[in-house]
Amino acid sequence: MNLIEEIKKYVEDECKKETNFFGVNIYNHHFISMVKYAKMLAKETGADEEIVEIAAWLHDIGSILGDYENHHLSGAEHAERLLKI
Ligand SMILES: [Fe+2]
């Protein structure tokens, strides 16, 4: 499994947990479409598609893990820890 597939699976698994306040549908209704549009924008703008896709998968991980209010900060910290493994 490559890095993007691993991250996608990780986000999907976290979305399925009962501790996810938003429910499992956020995976299909938010993450999937976010990644789709992020990839389109990366192509259009010449951004690094791998980095953009990884960022799109992880952009709301803080909320899924229970910190909606500060998810923009806690999610970034979590993503950093995750990507350093
Ligand atoms: Fe989002």
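1. A residue is called buried here when its relative accessible area is under 20%, exposed when it is over 50%, and partly exposed in between, with a 1.4 Å probe and protein chains only. By that rule Ile64 is buried, at 2% relative accessibility. The model is a predicted one, in which local features need pLDDT of at least 70 and side-chain atom pairs count only at pLDDT 80 or more, while totals for chains, interfaces and linings use all residues. Residues are numbered from 1 along each chain as its sequence is written, and side-chain values use heavy atoms, with hydrogens and water left out.

2. On the overall fold, the chain has five helices and zero strands, where helices (H or I, at least four residues) and strands (E, at least two) are DSSP runs numbered from the N terminus. Read from the N terminus, the order of elements is α-α-α-α-α. The radius of gyration of the chain is 12 Å, close to the 12 Å that the globule rule gives for 85 residues, so the chain is as compact as a globular protein of that length; this radius is taken over C-alpha atoms, and the rule is 2.2 Å times the number of residues to the power 0.38. Along the principal axes, the C-alpha atoms fill a box of roughly 35 × 30 × 25 Å.

3. On burial and contacts across the whole chain, 31% of the 85 residues count as buried. Among contacts (heavy atoms within 4.5 Å) between residues at least 6 apart in sequence, 54% join residues at least 24 apart.

4. The metal site deserves a careful look. The iron ion is coordinated by His30 (NE2), His59 (NE2) and Asp60 (OD), at 2.0 to 2.2 Å, and these donors follow the spacing H-x28-H-D along the chain. The pair of His30 and Asp60 links distant parts of the chain, 30 residues apart, with His30 in helix 2 (residues 25-45) and Asp60 in the loop between helix 3 (49-58) and helix 4 (61-64). His30 is partly exposed, with a relative accessible area of 26%, whereas Asp60 counts as buried at 12%. Donors are N, O and S atoms within 2.8 Å of the metal (3.2 Å for Na, K and Ca), and because water is not among the atoms, sites may look incomplete.

5. Ile64, the buried residue of the opening point, has its place in helix 4. Leaving aside neighbours within four places in sequence, Ile64 is in contact with Glu14, Cys15, Thr19, Asn20, Phe22, Ile26 and Phe31. Glu14 lies in helix 1 (residues 3-16) and is itself buried, with a relative accessible area of 10%. With neighbours within four places again set aside, the contacts of Glu14 are Asn20, Ile61, Ile64 and Leu65.

6. His78 belongs to helix 5 (residues 71-84) and is buried, with a relative accessible area of 17%. Not counting residues up to four places away in sequence, His78 touches Tyr10, Ile61 and Leu65. The C-alpha atoms of His78 and Asn25, which are 53 residues apart along the chain, are separated by 22 Å.

7. Ile51, in helix 3, counts as exposed at 55% relative accessibility. Ile51 and Ile4 are 47 residues apart in sequence, and their C-alpha atoms are 9.3 Å apart in space.
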